[in-house]
Amino acid sequence: MKYWTLTEADIDRIAIGCGILGTGGGGSTYHGALRAKALLREGKRIRMVRPADMDPDAQIIGIGGIGAPTVGIEKIAEGGEGVRLLHALERHMGRKVDALLGDEVGGGNGIAPMLTAAMVDLPVVDADGMGRAFPEVQMTTFFIHGQPVQPAALADADGNVLVVTDATTPKMLEKLLRASTIAMGCTALMTTAPMSGDFVRRFGVPHTTSQAWSLGDAVLTARAAKADPVEAILKQSGGVRLMRGKVTDIGRRVMAGFTRGKLTVAGLDGDAGRTLTVEIQNEYLIAREGETIITMVPDLICIVDSETGRAIGTEELRYGLRIDVLSMPAPVLLRSEIALASVGPRAFGYDFDFVPMGVSADAPAVPHYEEDT
């Protein structure tokens with residue numbers, strides 16, 4: 001088996017890239033990156049494995065946060081939530097788990113499975129179910145293609161663990177977990193039902209941790225060369241810049257366990273005189289210029305600091321920030337007709353169909369995988 005054993009330098013790059021892929025949500029990468037590096041200093045290891053290298057019968061679970069990003073940035077995790085989830089599911093199934101992955105690579109959820117994996121010495125699969133972040137549990141390529149809805153589990157920082165043994169649909173599972181998350185203080189850690197290695201190979205978005213690393217490396221390389229990190233992001237991702245501007249208004253509130261709102265950006269430099277609005281449900285969903293929709297979910301809308309290329313989450317937006325609004329093509333699996341029913345604009349209540357921007361392509365694995373010694 002070939003593994004990619006992460007270093008602290010890798011964590012720095014992955015955190016930057018996960019922030020960009022988070023499309024405003026997925027939680028802050030800051031605390032997760034600090035915890036990951038602390039675990040490495042304690043002698044723990046974080047090993048990535050490519051989905052193609054997994055045993056077809058391997059038992060894999062996804063771990064990630066659920067709740068409102070504006071709450072999660074202040075209500076810090078206790079640290080043992082993932083281990084409690086893992087053990088609760090193993091007891092319920094009567095079988096050990098072989099590997100972990102993130103249901104979404106975006107934001108802190110791209111790092112979350114690494115923390116639990118380090119504590120129990122399990123590998124993390126270089127894949128996820130979104131290639132970005134989405135606000136609702138059922139919005140993964142795994143559920144879209146038939147992942148079972150149970151057992152699932154939820155854990156909070158106070159030691160509460162909930163196991164869902166029956167749910168009628170993925171959407172009902174979202175409702176059950178969302179209501180419980182609100183009771184837990186609007187932020188918790190969750191896992192969905194186990195998947196086989198074969199299922200993850202067929203229906204996971206491949207090499208998304210590698211993609212995050214490559215984006216982070218492009219940003220850090222550009223900074224070191226005193227080049228434009230935003231241009232480096234666009235070159236690496238195949239994305240486009242929608243606008244360079246300044247935040248002039250942000251309306252944001254926590255409703256039903258989500259952060260919802262609208263952002264207004266006034267153009268600067270070559271974009272002077274233009275105004276862009278971005279609609280939010282944990283993530284950036286729709287970008288409009290006047291009545292014209294520029295880009296839309298599931299394609300990625302990413303907001304970064306104009307000087308550093310650092311991703312700016314929905315919880316960090318404030319008046320006066322100088323930002324670049326970027327768009328990147330969604331992964332191939334998210335643009336299919338069956339996927340758009342769950343993650344396209346109509347799934348979020350909009351009365352229009354998806355119009356793609358750019359060309360989708362799966363990310364390659366980084367060349368850091370080596371035989372285990």
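Which element gives the largest share of the lining of the largest pocket? Keep that in mind as you load the model, which is a predicted one.

**Stop 1: the largest pocket**

Select α1, residues 8–21. This helix is the answer: 5 residues of the lining come from α1, the largest share. Now add α2, residues 30–41. Both α1 and α2 supply at least two residues each to the lining. The pocket holds about 480 Å³ of space. To find its centre, show A15, S28, T29, Y30 and R310, the closest to it among the 23 lining residues. Colour the lining by class and you get 9 nonpolar, 8 polar and 6 charged residues.

**Stop 2: the second largest pocket**

Move on to the second largest pocket, with a volume of about 400 Å³. Here 25 residues form the lining, and Q211, S237, A361, D362 and A363 are the closest to the centre. Select β11 (205–206), α9 (208–224) and α10 (229–237), the elements that give two or more residues to this lining. The largest share, 5 residues, belongs to α9. Colour by class again: 15 residues are nonpolar, 9 are polar and 1 is charged.

**Stop 3: H207**

Stay with β11 and α9, and select the loop between them, where H207 lies. Check its backbone: phi of H207 is near 60°, a positive value in a residue other than glycine. Is H207 buried or exposed? It counts as buried, because its relative accessibility is 18% and the cut-off is under 20%.

**Stop 4: the nonpolar cores**

Next, show I20 and M114. They have the most contacts inside the largest nonpolar core, which has 49 residues. Once more α1 is worth selecting: it gives the most to this core, with 7 residues. Centre on M114 and display what surrounds it. Leaving aside neighbours within four places in sequence, M114 is in contact with L6, I11, I14, I46, M48, V124 and T209. Another core lies apart from this one; it has 17 residues, including V247, I301, I303 and I323.

**Stop 5: D324**

Keep I303 on screen and add D324, since the two residues touch. D324 sits in strand β18, residues 322–328. Its relative accessible area is 0%, so D324 is buried. What does the side chain of D324 make with the side chain of R244? A polar contact, at 2.7 Å. Add S306 as well: its side chain makes a polar contact with the side chain of D324 at 2.6 Å. For the rest of the surroundings, show V230, R241, M243, C302 and V304, which are also among the residues that D324 touches.

**Stop 6: two cis peptide bonds**

Select Q150 and P151. The peptide bond from Q150 to P151 is cis, with omega near 0°. P151 is in the loop between α6 (141–144) and β7 (152–155). Then jump to V297 and P298, also joined by a cis peptide bond, with omega about 15°. Look for P298 in the loop between β16 (292–296) and β17 (300–305).

**Last stop: N282**

Finish at the loop between β14 (275–281) and β15 (283–289), where N282 is placed. Phi of N282 is near 65°, a positive value in a residue other than glycine. Where does N282 fall, buried or exposed? N282 counts as buried, because its relative accessibility is 4%.

Conventions:
Residues are numbered from 1 along each chain as its sequence is written. This is a predicted model: local features need pLDDT of at least 70, side-chain atom pairs count only at pLDDT 80 or more; totals for chains, interfaces and linings use all residues. Side-chain values use heavy atoms; hydrogens and water are left out. Helices (H or I, at least four residues) and strands (E, at least two) are DSSP runs, numbered from the N terminus. Buried means under 20% relative accessible area, exposed over 50%, partly exposed in between (1.4 Å probe, protein chains only). A polar contact is a pair of N or O atoms within 3.5 Å; within protein, one must be able to donate a hydrogen and the other to accept it, and residues adjacent in sequence count only if both atoms are side-chain atoms. Contact means heavy atoms within 4.5 Å. On a 1 Å grid over the protein atoms alone, a cavity is a set of points where a 1.4 Å probe fits but cannot get out, and a pocket is an open set with protein on both sides within 12 Å along at least five of seven lines; lining residues have an atom within 4 Å of a point. Grid points are joined across faces, edges and corners, and a volume is the space filled by probe spheres set on the points. Ala, Val, Leu, Ile, Met, Phe, Trp, Tyr, Cys and Pro count as nonpolar, Asp, Glu, Lys and Arg as charged, and the others, Gly among them, as polar. A nonpolar core is a set of buried Ala, Val, Leu, Ile, Met, Phe, Trp, Tyr and Cys residues joined through side-chain atoms within 4.5 Å.
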